[in-house]
Amino acid sequence: MQDAIRNLRAQLNACAELSGHEQGTLALLRAFLTENTALSVIPMDGWLLATHREGDACPTYALRADMDALPGADGPWHGCGHDGHCAILCRVATMLEGRVLNRNVHFIFQPAEETGAGARRICDTWPGLGNVERIFGFHNLPGYPIGHLLTRPGCFACASEGLSISVTGSPAHAAYPERGENPADLLCGAVLRLPGMTEDILRGDDRLLMATVTGMKLGDENYGLSASDGRLWLTLRAHRDEDLRLLETAIKDCIRAGCRERNMTCRFEMRDVFPDTVNDPIITRECEDLWRESGRIVQRLTEPMRWSEDFGWYLKRVPGMYFGIGMGRECADLHTSGYRFDDDVTEPAAEAILQLLGNG
Ligand SMILES: [Zn+2]
Ligand SMILES: [Zn+2]
């Protein structure tokens, strides 16, 4: 079976598809699970549900794997190892054959994690989630010893969102800029005020709250014309959803006030919205104990991950835990060109996950 799983991972890797376009990936997973397990496999709207059922009296747990790839120069590629996540869950599914857990287990193969859209849509549209008592998700983590389990009660990964700001003034001859409205100082002023805004919200607390300028555009290379249009793109990031909302509001208020004073208009758009991923502290400690008792190495993160993960949407509805699986100290960072998923992690990862399902 281990060879079959390696083979499946290679096929998923070759089939790499972008967020929301995972049709080939879904077909591979469906074929594998139908052939190799007794799970009931149900194609859903853009995702796949496979269920190990022992009866309505049993509590239901859920496991989630993401499956989308990243855009690359030579087409989509699995730079985040989501092909490996699918292989790990498929391995768990095969390990369940013939076992009695006194639990039902849903395997959720989810699209579009990278854009933050996949989990949110499943949470909003799938009533089955209402019967789930516990949910688990995971990510492979380069930089940590292979197979080590990385945990954190409470916040595991940051909330983040892209904020796109458009400001429109009015053009003027470059010799008479006072006759138009140029948004340059408004947008630059807002950028300079960002550190002060985050400080005001945090009031000395050492939670993370940051705004990164990812892009800015003002007017054009036209020396005869004073700029009238400006765009500013920010990524906001925080340990807590509440802080992120406060920062978003402060930035919008600052831009709106400037526009009112100067007779300009503004427009805002939110992109790639990810909630904070917050683990249930009791479940997390229980899982840590379970793993440690069986000799696995558990490393508790001192700080939440700065990146975001759409698994946070499930954790708003169902208690559970998101955790990391070490991919080796030498493994290149996620999303970088040197990154490769190491198949040696699949077996220990699947065993650790199987343990979370209990044995009746
Ligand atoms: Zn990623
Ligand atoms: Zn990922």
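Where is leucine 290 found? The legends below take up that residue along with other parts of this predicted model.

**Figure 1. Here is the whole protein in this predicted model.** Its secondary structure comes to 9 helices and 16 strands. Along the principal axes, the C-alpha trace spans about 80 × 45 × 40 Å. Of the 360 residues in the protein, 40% are buried. Look also at how the chain meets itself: among contacts between residues at least 6 apart in sequence, 78% join residues at least 24 apart.

**Figure 2. The protein is divided into two parts, domain 1 and domain 2.** Domain 1 takes in residues 2-156 and 277-356, while domain 2 covers 159-274. Taken over C-alpha atoms, the centres of the two domains are separated by 37 Å. Where domain 1 and domain 2 touch, 9 residues come from domain 1 and 7 residues from domain 2. On the domain 1 side of this contact there are 2 nonpolar, 4 polar and 3 charged residues.

**Figure 3. This view shows an open sheet of 8 strands.** Reading across, the order is β1-β2-β4-β3-β5-β16-β6-β15, and the pairing is mixed. At the edges are β1 (40-43) and β15 (298-300), each of which pairs on one side only. From one strand to the next, the twist averages 25 degrees. Helix α2 (residues 23-36) packs on the sheet, where it touches β1, β2 (48-52) and β4 (104-110). The direction of α2 makes about 160 degrees with that of β1.

**Figure 4. Here we zoom in on the pairing of β6 with β15.** Strands of a sheet pair through backbone hydrogen bonds, either parallel or antiparallel. In this case, β6 (residues 149-151) and β15 run parallel, joined by 3 bridges. To find one pair of partners, start at leucine 150 and cross to glutamine 299 in β15.

**Figure 5. Helix α4 (residues 118-125) has both buried and exposed residues.** The buried ones are Gly118, Ala119 and Ile122. Why do they lie on the same side of α4? They cover an arc of only 95 degrees around the axis, and so they share that side. On the other side of α4, you will find Asp124 and Thr125 exposed. The elements that cover the buried residues of α4 include β3 (60-66), β4 and α8 (312-317).

**Figure 6. Back to leucine 290, which is found in helix α7 (residues 281-293).** Is this residue buried or partly exposed? Leucine 290 counts as partly exposed because it has 15 C-beta neighbours inside 10 Å. Serine 166 makes a useful second landmark: leucine 290 and serine 166 are 124 residues apart in sequence, and 51 Å apart in space from C-alpha to C-alpha.

**Figure 7. Asparagine 102 and arginine 203 are two loop residues to visit.** Most residues other than glycine have a negative phi. Asparagine 102, however, has a positive phi, near 60 degrees. This asparagine lies in the loop between α3 (82-95) and β4. Asparagine 102 counts as partly exposed because there are 13 C-beta neighbours inside 10 Å. Arginine 203 also has a positive phi, near 45 degrees, and is found in the loop between α5 (184-202) and β10 (209-218). With 6 other C-beta atoms within 10 Å, arginine 203 is exposed.

Note on methods. Residues are numbered from 1 along each chain as its sequence is written. Chains are lettered from A and ligands numbered from 1 in the order in which they are written. This is a predicted model: local features need pLDDT of at least 70, side-chain atom pairs count only at pLDDT 80 or more; totals for chains, interfaces and linings use all residues. Two strands pair if DSSP finds at least two bridges between them. Helices (H or I, at least four residues) and strands (E, at least two) are DSSP runs, numbered from the N terminus. Axes are lines fitted to C-alpha atoms, for helices over the stretch in contact, and angles run from 0 to 180 degrees between N-to-C directions. Two residues are in contact if their C-beta atoms, placed from the backbone, lie within 7 Å. Domain bounds come from an automatic or database domain assignment. Ala, Val, Leu, Ile, Met, Phe, Trp, Tyr, Cys and Pro count as nonpolar, Asp, Glu, Lys and Arg as charged, and the others, Gly among them, as polar. A residue is buried if 20 or more other C-beta atoms lie within 10 Å of its own, exposed if 12 or fewer, and partly exposed in between; C-beta atoms are placed from the backbone. The arc is that of the directions from the helix axis to the C-beta atoms.
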